[in-house]
Amino acid sequence: MSHLKPERVAVFGGVYNNHLALEATLRDAHAQGAERVYCLGDIGGFGPSPDKSFPLLRDAHVLTMMGNYDDSIGRGLDDCQCGYTDPRDNHFAQISYDYTLKKTSDPNRAWLRTLPHAFRLELGGRRVRFAHGSTRRINEFLWASTTPEPFIERLLRDADADLIAVTHTGIPWERRLQRDPASGLLNVGAIGRPANDGDTCVWYALLTATGGPLGVEVELRPVRYDHHALAVEMRQEGLPEEFVETILTGWWTTCLEILPARERAASRF
Amino acid sequence: MSQDLVDLAARANAPTLPFAGLDTLWLQVTGTLCNIACRHCFITCGPKNDSHPMMAREHVLDTLDVARRLGVREYYFTGGEPFMHPHIFDLIDATLQQGPLSILTNGILITEDVAQRLGDLFRRGPYSLDLRVSLDGTTPEENDPIRGKNTFHQILAGGERLLRAGINPVWTVTTVHAAFDDRSEGYARFRSLLEARGFTRPRLKFIPPFLIGREARRSQGYAADDLLQEGDLFEGEEHVLQCGSCRTVTARGVYPCPILIEAQDARMGDHLEGALHPIRLDHPACATCHQEGFSCRT
């Protein structure tokens, strides 16, 4: 684990092979004055040309942790351990996974195996903990509509933290405790795939230490990138048209059954 | 050795499942009282069975207080038929104030008014509200011998009212018919039925039959050697099996899961706080969950 005391950090997750969005996110984080940049894992999956993301992360000195996808690709497991339950979701997840495993070089797979599982830092006097799915399990889904406040309090207590930031679901949200707004949980969303809201942008978070009662101010930032160019590359790589459609429309077409009723009702498909 | 002693010895060798913390709380709000008496019910719910009576409103609210302190993540209402409870909307409202809720129903009591009220709660509640409607065939000929005369059309009508109110329910299918043993065939047939009824995004959950309760009479029950033994569990199975992170509260006390509320010796006491410990998987129904990788979660 890394112990740091910066004033502003950028946090993103779920690169999903989207190297164009990764470049754009790193540019924006730099422009916003982030002193450190954290990646909460899942470098592969969904998008094209897996090996293109690795040098971007390493050259920018991004502090990267292991997601379930990285664990699977690093160790060459049979599937991504994403935790889908629906046959159609698993069908498409397997296409992404087989493609990513085949196209990730051995040195990059070896690097994935070295990644840490968590980061901890102090920001604005608050204890901040980063994890991939949750602080309990690498592939736990934390959605806005099914992560209630009493449960967040329990996670914070068990993780010895004031603020937890995670990814894994692909939809960003933040919930602060009513009794202590300086504490809460943040899902930074994903930069590899739009947030299933009909907008093609992707999302990451800027965390800034403040002197105020919040301790840490969170800004969820949309990132626009050349998604048309990514779609062209995905088609060249023979990836499913369903994935391309998501990049071009901002609506998920696969891996939908895992969504809670509330988030599913807001979906197009 | 007598068969009883053989059974005792086999149960004594059952594996212990670690307890990962109370994530999920099941509330048997109407106990074993139901408006229908399905032939495959793994408890013996029906209009006359009050072996587990309805939970008093205050009992549910007190249990919710405890659950909030324990940091429970999600709630389920089941029975029996939850919509028989006279205070059901109070209970739904109170639960949704502190977490997401799934309600398991046979759909028959979902009137237009009930559906509209649920639709309002779905839209304005702070957390997700999900409805699970049980249906056991794609025709009356398949469903009605299991769930009761004319239930096929009544159940579908209840689901359609929910859909009109803005709620897309999860259709729960117990795989009592050989035709649904092949899940992809089962999914295809139910999708086709539901899409024709206007469910453009049908949600489905398949459940294996548990050979206890009324289903034991239909299926002859479990064999004497259908028990898990030490060494059968895989590492981390407490995160797959629901009983690794859930408990069920009925009017009569606390149980490990919603399946075993009529099982001998399954009762864990009066209070939730006293039931948060590892359990031995010494009931044959436990083998069904283990073998099927089954979780009662939506």
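# Salt bridges, burial and the interface of chains A and B

User: How many salt bridges does the rule count over all chains, and what makes a pair a salt bridge?

Analyst: The count comes to 34 salt bridges over all chains. A pair is called a salt bridge when a side-chain nitrogen of Lys or Arg lies within 4 Å of a carboxyl oxygen of Asp or Glu. This is a predicted model, in which local features need pLDDT of at least 70 and side-chain atom pairs count only at pLDDT 80 or more, while totals for chains, interfaces and linings use all residues. Residues are numbered from 1 along each chain as its sequence is written, chains are lettered from A and ligands numbered from 1 in the order in which they are written, and side-chain values use heavy atoms, with hydrogens and water left out.

User: Why are B:Arg11 and B:Asp282 called a salt bridge?

Analyst: The N to O distance between the side chains of B:Arg11 and B:Asp282 is 3.3 Å, and the cut-off is within 4 Å, so the pair qualifies. This pair links distant parts of the chain, 271 residues apart, with B:Arg11 in helix H1 (residues 3-12) of chain B and B:Asp282 in the loop between strand S10 (279-280) and helix H9 (284-292) of chain B. The helices (H or I, at least four residues) and strands (E, at least two) are DSSP runs numbered from the N terminus.

User: Are B:Arg11 and B:Asp282 buried or exposed, and how do you know that?

Analyst: Buried means under 20% relative accessible area, exposed means over 50%, and partly exposed is in between, with a 1.4 Å probe and protein chains only. B:Asp282 has 18% and is therefore buried, whereas B:Arg11 has 24% and therefore counts as partly exposed.

User: What makes the contact between B:Asp136 and B:Arg147 a salt bridge, and where do the two residues lie?

Analyst: Their side chains meet at 2.6 Å, N to O, and the limit is 4 Å, so the definition is met. The salt bridge between B:Asp136 and B:Arg147 is formed at 2.6 Å and links distant parts of the chain, with B:Asp136 in the loop between S5 and H5 of chain B and B:Arg147 in helix H5 of chain B, 11 residues apart. Both B:Asp136 and B:Arg147 are buried.

User: Why is B:Asp136 called buried, and which side chain besides that of B:Arg147 does it join in a polar contact?

Analyst: The relative accessible area of B:Asp136 is 0%, so this residue is buried. A polar contact of 2.6 Å joins the side chains of B:Asp136 and B:His40; the term is used for a pair of N or O atoms within 3.5 Å, where within protein one must be able to donate a hydrogen and the other to accept it, and residues adjacent in sequence count only if both atoms are side-chain atoms.

User: How do you know that B:Glu142 forms a salt bridge with B:Arg189, and what is the accessibility of each residue?

Analyst: The closest N and O atoms of B:Glu142 and B:Arg189 are 2.5 Å apart. This pair also links distant parts of the chain, B:Glu142 in helix H5 and B:Arg189 in helix H7 of chain B, 47 residues apart. At 14%, B:Glu142 is buried, whereas B:Arg189, at 25%, is partly exposed.

User: How do you know that the length of helix H6 of chain B agrees with its residue count?

Analyst: The expected span is 1.5 Å times one less than the number of residues. For the 14 residues of helix H6 (residues 151-164) of chain B this gives 20 Å, and the end C-alpha atoms are 20 Å apart, so the two agree. Among the buried residues of H6(B) are B:Phe152, B:Ile155 and B:Leu162. The partners against which the buried residues of H6(B) pack include strand S5 (129-134) and helix H7 (183-196) of chain B, where contact means heavy atoms within 4.5 Å.

User: What makes up the interface of chain A and chain B?

Analyst: The contact takes 29 residues from chain A and 27 residues from chain B. About 2000 Å² is buried between them, 44% of it given by carbon and sulfur atoms; buried area is the accessible area (1.4 Å probe) that two parts lose on being put together, summed over both. The rule finds 3 salt bridges across this interface, one of them joining B:Arg73 and A:Glu140 at 3.1 Å, N to O.
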